[in-house]
Structures are given as structure tokens and as C-alpha cells.
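User: I am new to this structure and would like to understand one part of it well. Please pick a part, take a close look, and then lead me outward from there.

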Amino acid sequence: MNYRQYLTDKLTSTEYAILETLILQYENHLKKLGETKSVFKQDLILYLRVNYEIHIDERTLRDKIRSMFKKGIPVGGHSGQAGYFVLDEEEVERLINEDRSRCRKLLDHSHAGKKILAVMDGQQRFKGV
């Protein structure tokens with residue numbers, strides 16, 4: 001069994017359809033058809049509905065993409081480009097860095113919330129606040 005088959009055997013039918021669609025778009029991009037390599041969320045949802053009879057919403061699509069990435073499939077997106085696409089090594093690194101940055105910001109935000117609670121502890125809260 002080759003590596004690609006090993007990875008794709010772990011995918012659900014919906015995830016496999018997403019992967020096929022993103023690979024097709026990526027191959028068209030490589031053939032210089034003037035298309036971007038990313039597929040916009042709404043276009044991907046519509047394509048899955050029309051060609052695979054798969055009905056999902058944006059949240060489910062995002063969850064499927066995350067699940068595929070966790071299974072070792074290099075697909076995703078990043079803040080520099082709209083939509084989802086097959087990632088190369090540099091883009092995987094960029095995605096990792098974006099995720100780490102987002103985690104640091106969320107951790108800082110939660111620490112600020114803890115400080116607010118510590119100051120508010122035992123004090124009467126203002127009405128409407």
C-alpha cells in the first residue's frame with residue numbers, strides 16, 4: 001500500500017470528496033489554467049452538493065477540513081488566501097505559525113479575564129455590567 005492510499009483509507013466519503021475536489025483544483029492551477037489553487041467555501045459546498053450529492057454547511061466543512069488535517073492530509077487555508085486548498089510544506093509551516101499565534105492571543109485573553117475576576121471577587125457588580 002502506498003502512502004497516499006494509506007492516508008485516504010482513513011477518510012470518510014465526504015472527506016474523500018473534499019480531497020478529490022481540492023486536488024482537481026490544485027492540478028488545474030498547476031496546468032496554468034489561470035485559476036487560483038484555492039476553492040472558496042461556498043463554491044466547494046456547491047460543488048459537493050451538485051457532483052457528490054453531499055449537503056453540508058460552512059461549519060461542517062470547516063470541521064471536515066480540520067479532521068482531514070489531523071489525519072495527515074495537507075489541506076486547509078490561511079489568512080493570506082481565501083478558501084481551502086492543498087498545502088505545500090511552506091504553507092503547512094505558515095498554518096502552524098498562525099495557529100500558535102492564535103493560541104497565544106487566546107491565552108492572553110483568558111489571563112486578562114482571570115485578572116478581571118480576581119479584582120471583582122467579593123465586590124458588588126454594577127447593574128447592566
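Analyst: Let's begin in helix H5, where arginine 94 and glutamate 98 are four residues apart, which means that about one helical turn separates them. Please keep in mind that this is a predicted model, where local features need pLDDT of at least 70 and side-chain atom pairs count only at pLDDT 80 or more, while totals for chains, interfaces and linings use all residues. Residues are numbered from 1 along each chain as its sequence is written, and side-chain values use heavy atoms, with hydrogens and water left out.

The side chains of arginine 94 and glutamate 98 meet in a salt bridge, 3.5 Å from N to O. The term stands for a side-chain nitrogen of Lys or Arg within 4 Å of a carboxyl oxygen of Asp or Glu. In general, side chains of opposite charge can pair when their charged atoms come close. The two partners differ in cover: arginine 94 is partly exposed, with a relative accessible area of 38%, whereas glutamate 98 is buried at 16%. Here buried means under 20% relative accessible area, exposed means over 50%, and partly exposed lies in between (1.4 Å probe, protein chains only).

A second pair sits in the same helix, H5: aspartate 99 and arginine 102 are three residues apart there, again about one helical turn. Their closest N and O atoms are 3.1 Å apart in a salt bridge. Aspartate 99 is partly exposed at 32% relative accessible area, and arginine 102 is partly exposed as well, at 46%.

By the salt-bridge rule, the count comes to four. Another one of them joins glutamate 15 and lysine 71, at 2.7 Å from N to O. Glutamate 15 lies in helix H2 (residues 13–30) and lysine 71 in the loop between H4 and S1, so this pair ties together parts that are 56 residues apart in sequence. Glutamate 15 counts as buried, at 2% relative accessibility, while lysine 71 is partly exposed at 24%.

Now step back to what comes just before H5. Helix H5 covers residues 89–120, and the loop between strand S2 (81–86) and this helix holds aspartate 88. That aspartate 88 is partly exposed, with a relative accessible area of 33%. Strand S2 pairs with strand S1 (residues 75–78) in the antiparallel sense over three bridges; two strands pair if DSSP finds at least two bridges between them. Across the pair, valine 75 stands opposite valine 86, and glycine 76 faces phenylalanine 85. A hairpin of two residues joins S1 to S2.

Further back, the loop between H3 and helix H4 (58–70) contains glutamate 53. This glutamate 53 is exposed, at 67% relative accessible area, and its phi is near 55°, a positive value in a residue other than glycine. Most residues other than glycine have a negative phi. The loop between H3 and H4 also holds isoleucine 56, which is buried at 11%.

Finally, the whole chain: five helices and two strands, in the order α-α-α-α-β-β-α along the sequence. Helices (H or I, at least four residues) and strands (E, at least two) are DSSP runs, numbered from the N terminus. Of the 129 residues, 28% count as buried, and glutamate 98, from our starting pair, is a buried residue.
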